[in-house]
Amino acid sequence: MLNDMSNEVLLSVSDLVKNFGDSVVLDSISLEVKRGEVCAILGPSGCGKSTFLRCINGLESINGGTITFGGEVISAANKAKINWSKIRQKIGMVFQSYELFPHLSVLDNILLAPLKVQKHKKKEASTQALKLLERVGLLHKRDSYPKELSGGQKQRVAIVRALCMNPEMMLFDEVTASLDPEMVKEVLEVIKELAMQGMTMILVTHEMKFAQNVADKIVFFDSGKIAEIATPQEFFSSPKNQRAKRFLSIFDF
């Protein structure tokens, strides 16, 4: 979680616009995330939350505005081509779908990018991977294949795979959405531990109580715009935006 002594802005998004054809999906989004901060993005389905994360990680081009990471402009409507492979080593992302290679073991799935992209030595990368697997309770699954894992286990492997790139920031896009209820807790516990250790994170989630307990800042999206930014205490006790009030009314707190 955010250290009170840290004021360094790691990610700055200014007037971000994203269109799909004639449809405006993101409309003048501006947001700052400090190093060590946990930012939870909430809002109804189809309001642009996942698209926002994909723009940050270069999976979607933008039509206006700028995205700055670590003081460097990494995306702008008129910016020349940049090395997204390099940027994604700094900004890890975990999706709803696990995207594990079915023909590779758990360990080989994790090692693929550190060895091929970052050119790390296998011994060094393996040592880190095994430590992370142990940390998420999956060391005993190192030689298993994805088909032998539960959904929660696959998602924890996907998180370890992203962490093995040693990112400065992690993006989580509704990572529990496709899990059975009993598997949700084990994944959220891993994310909570990362937060406690100071990892900068942006979470798109429908797990309201989790967001309330883990986030430093709540950002509420509505119809492609940021409708409200508040602390968890402020947002969940007395949201100012009427759409946010209606959204929260369907959840049991």
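The legends below describe close-up views of a predicted model.

**Figure 1. The whole protein, with its nine helices and 10 strands.**
The radius of gyration is 18 Å, close to the 18 Å that the globule rule gives for 253 residues, so the protein is as compact as a globular protein of that length. Along the principal axes, the C-alpha atoms fill a box of roughly 50 × 45 × 40 Å. Of the 253 residues, 51% are buried. Among contacts with a separation of 6 or more, 67% are between residues 24 or more positions apart in the sequence.

**Figure 2. Strand β7, residues 169–173, and the directions in which its residues point.**
The strand is mostly covered, and five of its five residues are buried. Met169, Leu171 and Asp173 point one way from β7. Met170 and Phe172 point the other way. Residues on both sides of the strand are therefore buried, which here means under 20% relative accessible area.

**Figure 3. Strand β7 between its partners β6 and β8.**
Strand β6, residues 91–94, runs parallel to β7, and four bridges join the two. In this pairing, isoleucine 91 stands opposite methionine 169 of β7. Strand β8, residues 200–204, also pairs with β7 in the parallel sense, over five bridges. Here methionine 170 of β7 stands opposite methionine 201 of β8. How does the chain cross from β7 to β8? The path goes through helix α6, residues 181–196, and this β-α-β crossover is right-handed.

**Figure 4. Helix α5, residues 151–163, and what covers it.**
At 1.5 Å a residue, the 13 residues of α5 should span 18 Å, and its end C-alpha atoms are 19 Å apart, which agrees. How many of the 13 residues of α5 are buried? The number is 12, and the helix is mostly covered. Gly151, Gly152, Gln153 and Gln155 are among the buried residues, and so are the two arginines Arg156 and Arg161. The buried residues also include Val157, Ala158, Ile159, Val160, Ala162 and Leu163. Strands β6 and β7 are part of what covers these buried residues. The cover also includes the helices α3 (106–116), α4 (122–135) and α6.

**Figure 5. Lysine 49, a buried residue of helix α1.**
Helix α1 covers residues 49–56, and lysine 49 is found in it. Is lysine 49 buried or exposed? With a relative accessible area of 4%, lysine 49 is buried, because buried means under 20%. The side chain of lysine 49 reaches two backbone oxygens: that of glycine 43 at 3.1 Å and that of proline 44 at 3.0 Å. Apart from neighbours within four places in sequence, lysine 49 is in contact with Ile41, Leu42, Gly43, Pro44, Glu174, Val204, His206 and Phe221. Lysine 49 and methionine 93 are 44 residues apart in sequence, and their C-alpha atoms are 14 Å apart in space.

**Figure 6. Glutamine 89 and the residues in contact with it.**
Glutamine 89 is found in helix α2, which covers residues 84–90. Which side chain does a polar contact of 3.1 Å join to that of glutamine 89? The partner is the side chain of glutamine 118. Leaving aside neighbours within four places in sequence, glutamine 89 is in contact with Val117 and Gln118, and also with Met165, Asn166 and Pro167.

How values were computed. Residues are numbered from 1 along each chain as its sequence is written. This is a predicted model: local features need pLDDT of at least 70, side-chain atom pairs count only at pLDDT 80 or more; totals for chains, interfaces and linings use all residues. Side-chain values use heavy atoms; hydrogens and water are left out. Buried means under 20% relative accessible area, exposed over 50%, partly exposed in between (1.4 Å probe, protein chains only). Two strands pair if DSSP finds at least two bridges between them. A crossover is right-handed if, with the strands pointing away from the viewer, the path from the first strand over the helix to the second runs clockwise. A polar contact is a pair of N or O atoms within 3.5 Å; within protein, one must be able to donate a hydrogen and the other to accept it, and residues adjacent in sequence count only if both atoms are side-chain atoms. Contact means heavy atoms within 4.5 Å. The expected span of a helix is 1.5 Å times one less than its number of residues. The radius of gyration is taken over C-alpha atoms; the globule rule is 2.2 Å times the number of residues to the power 0.38.
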